[in-house]
Amino acid sequence: LPKKYGNEPEVNQADQILRDFIERTNIPFYWIDGNHEDHSILQVVDDFNNSTFNTYGKNFYYQPRGSYIELDRYVLFFIGGAETIDWYNRTEGVDFFRNEIITRDQEDFIFDNIDKIKLLNKPVIVIAHTCPYRATTDERNLLDIMSIESSNVPSGHAQSKFLDEVLEQLHPKMWFHGHFHRERIYTLKDFNTVFYSIGGYVQAKYQINDKKYFIIDL
């Protein structure tokens, strides 16, 4: 979500690229939250897509944590949220929010929908902001990061450990995530899931106009 200063939202280059793209196309744009959105609004508004906070327009759809879309051949499962590592340099309620991670009242909704997805008997593609905990602790150092001590995040990696449960329940065919801004394709032991870590920020050079489906990490 654009950060607001006074009465006007600050629109950076990446935001403007998305605004321009959505204005000149009729392609639905589905998005999930990460860890720097204004969660004091996003997680409180009952229907964000039809609220005054949805400043991007009618084709821009926020997908709540645990929501899914059934396609002809696949099921897309959306689960946003991630933990801010540098929270100690941020101001709670301004650019850091405790409910940036899965909250207890969201867990039932998530697992209820996972049960529904299993009945569809279709391959699942997970669209998440971050990866399961086991990916960050893999001895291969898959994302070129050192495993971060639990004391460095307020919840002790609660989000990533919850995603371990999602992985074990769904055994998805593919898992797309951002958060680390590193381009990687990897697998984990005991799972056939292919993980795609989306690197960098959206840029005009991505030439997104000719894509039927595409994923952007902001």
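Are Arg65 and Asp33 buried or exposed? In this predicted model, Arg65 is buried, and Asp33 is buried as well. The views below begin with this pair and then turn to other charged and polar side chains.

**View 1. A salt bridge joins Arg65 and Asp33.** The closest N and O atoms of Arg65 and Asp33 are 2.7 Å apart. The pair links distant parts of the chain, for Arg65 sits in the loop between strand 4 (60-62) and strand 5 (68-70), while Asp33 sits in the loop between strand 3 (29-31) and helix 2 (39-42), and the two are 32 residues apart. Both partners, Arg65 and Asp33, are buried. The structure as a whole holds nine salt bridges, and further examples appear in the next two views.

**View 2. Glu70 and Lys122 meet through their side chains in a salt bridge.** The distance from N to O in this pair is 2.8 Å. Because Glu70 lies in strand 5 and Lys122 in the loop between helix 3 and strand 7 (124-128), the salt bridge ties together parts that are 52 residues apart in sequence. Glu70 counts as partly exposed, since its relative accessibility is 42%, and Lys122, at 23% relative accessibility, counts as partly exposed too.

**View 3. Asp86, Arg90 and Asp95 are linked in a network of salt bridges.** Within this network, the side chains of Arg90 and Asp86 meet in a salt bridge with an N to O distance of 3.0 Å. Arg90 has a relative accessibility of 25% and therefore counts as partly exposed, and Asp86, with a relative accessible area of 29%, is partly exposed as well.

**View 4. A patch of negative charge on the surface gathers Asp105, Asp108, Asp112 and Asp115.** One of these residues, Asp105, is found in helix 3, which covers residues 104-120. Asp105 counts as exposed because its relative accessibility is 64%, and the cut-off for calling a residue exposed is over 50%.

**View 5. A polar contact joins the side chains of Gln106 and Gln43.** This contact spans 2.8 Å, and Gln106 has its place in helix 3, the helix in which Asp105 is also found. Why is Gln106 described as buried? Its relative accessible area is 14%, and buried means under 20%, so Gln106 falls in the buried class. Asp105, by contrast, counts as exposed, and helix 3 therefore holds both a buried residue, Gln106, and an exposed one, Asp105.

Terms used. Residues are numbered from 1 along each chain as its sequence is written. This is a predicted model: local features need pLDDT of at least 70, side-chain atom pairs count only at pLDDT 80 or more; totals for chains, interfaces and linings use all residues. Side-chain values use heavy atoms; hydrogens and water are left out. Patches are made of residues with over 30% relative accessible area and no salt bridge: like charges are joined within 9 Å, nonpolar side chains (Val, Leu, Ile, Met, Phe, Trp, Tyr) within 5 Å. Accessible areas come from the Shrake-Rupley method with a 1.4 Å probe; for residues, only the protein chains shown count as cover. A salt bridge is a side-chain nitrogen of Lys or Arg within 4 Å of a carboxyl oxygen of Asp or Glu. Lys and Arg count as positive and Asp and Glu as negative; His and the chain ends are not counted. The place of a charge is taken as NZ of Lys, CZ of Arg, CG of Asp or CD of Glu. Helices (H or I, at least four residues) and strands (E, at least two) are DSSP runs, numbered from the N terminus. Buried means under 20% relative accessible area, exposed over 50%, partly exposed in between (1.4 Å probe, protein chains only). A polar contact is a pair of N or O atoms within 3.5 Å; within protein, one must be able to donate a hydrogen and the other to accept it, and residues adjacent in sequence count only if both atoms are side-chain atoms.
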